[in-house]
Amino acid sequence: IERTRGMLGDALIALIEERGYDDITIQDIADRANISRATFYLHYRDKDELLTDRLAAVYAEIVESMNLTLTLEDMRWNGQSPAITTFTHTQAHRRLYHALRQSRNSNLAIDQLTGVMAQLIEAMIVRNYGPQPDLPVPLAVICQNMAAALHGLCAWWVSADTPYSAEQMAEMFYTLNMPPVLAMLKRPDTA
């Protein structure tokens with residue numbers, strides 16, 4: 001089952017990079033994966049479900065590569081910070097993300113990525129600073145805002161022809177977003 005799902009996911013990603021998402025049919029995916037349409041439907045309802053499954057696997061790889069024990073203060077300088085990892089991943093898969101952004105269903109990928117990033121940011125904050133119940137802005141709102149800002153910069157960076165490296169983009173993200181967040185958070189020993 002996993003082998004077939006992997007072949008279907010690989011076929012979808014390759015086709016997205018070649019043609020974009022909107023014009024791909026189930027038959028195209030099945031043909032590329034060397035399976036029948038009936039076999040496709042044993043695993044997925046439609047190509048959106050396949051895309052969601054494939055993106056979840058990609059995001060799991062990103063999460064695995066992140067060091068969530070870093071504090072917000074020191075992650076900025078560490079080569080494994082969430083922003084650097086995200087920009088590096090985006091750079092490696094630039095064609096895929098650019099093609100997804102051009103599709104009519106781009107919100108599927110955007111919402112999924114933003115949700116995963118918000119959860120990661122919240123997990124890092126809670127692990128390092130505690131639950132933070134008395135913030136002037138709810139923690140969930142802070143995390144969603146940071147995730148949306150990170151995704152927005154990644155999307156712009158993929159679409160624009162910029163001279164900035166993944167590291168420079170991560171540094172700009174931190175410069176824009178971290179000061180107000182750090183000012184609000186309270187360490188458990190100072191709360």
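## A guided tour, from surface to core

Start by selecting Trp156, Tyr164 and Met172, which together make a nonpolar surface patch of about 280 Å². Keep in mind as you look around that this is a predicted model. Now pick Tyr164 alone: this residue sits in the loop between α9 and α10, and with a relative accessible area of 34% Tyr164 is partly exposed.

**Into the core**

Next, go inside. Select Ile16, Ile29, Phe87 and Leu100: in the largest nonpolar core, which has 56 residues, these four touch the most other members. To see where the core comes from, colour the helices α1 (2–19), α2 (26–33), α4 (47–65), α6 (82–92), α7 (94–102), α8 (106–129), α9 (139–159) and α10 (166–184), each of which supplies at least two of its residues. Which helix gives the most to this core? That is α9, with 10 residues.

Stay with Phe87 and show its surroundings. Leaving aside neighbours within four places in sequence, Phe87 is in contact with Leu150, Leu153, Cys154, Trp157, Ala166, Met169, Ala170 and Phe173. Click on Cys154 from that list: at 4% relative accessibility, Cys154 is buried. Cys143 is buried too, with a relative accessible area of 1%. How many disulfides are there? The count is 0.

**Over to helix α4**

Now select Leu50, in helix α4. Is Leu50 buried or exposed? Its relative accessible area is 1%, so Leu50 is buried. Its contacts, again without neighbours within four places in sequence, are Leu8, Gly9, Leu12, Ile29, Phe40 and Tyr44. Try drawing a distance from Leu50 to Gly9: their C-alpha atoms are 6.7 Å apart in space, although the two residues are 41 apart in sequence.

**Charged pairs**

For the last stop, turn to the salt bridges, which number 5. One of them joins Arg5 and Asp53, whose closest N and O atoms are 3.8 Å apart. This pair links distant parts of the chain, with Arg5 in helix α1 and Asp53 in helix α4, 48 residues apart. Arg5 is partly exposed at 25% relative accessibility, and Asp53 is partly exposed at 33%.

Then select Asp10 and Arg54, whose side chains meet in a salt bridge at 2.5 Å, N to O. Here too distant parts of the chain are linked: Asp10 lies in helix α1 and Arg54 in helix α4, 44 residues apart.

Finish with Glu49 and Arg45, a salt bridge with its closest N and O atoms 3.7 Å apart. Glu49 is partly exposed at 28% relative accessibility, whereas Arg45 is exposed, with 62%.

How values were computed
Residues numbered from 1 in each chain as written. Predicted model: local features only at pLDDT ≥ 70, side-chain atom pairs only at ≥ 80, totals over all residues. Heavy atoms only, no water. Core = buried A, V, L, I, M, F, W, Y, C linked by side-chain atoms within 4.5 Å. Buried < 20%, exposed > 50% of the residue type's maximum accessible area, 1.4 Å probe, protein only. Helix = DSSP H or I, 4+ residues; strand = E, 2+ residues; numbered from the N terminus. Contact = heavy atoms within 4.5 Å. Disulfide = S-S within 2.5 Å. Patch = residues over 30% accessible without salt bridge, like charges linked within 9 Å, V, L, I, M, F, W, Y side chains within 5 Å. Areas by Shrake-Rupley, 256 points an atom, 1.4 Å probe, with all protein chains shown as cover. Salt bridge = Lys/Arg side-chain N within 4 Å of Asp/Glu carboxyl O.
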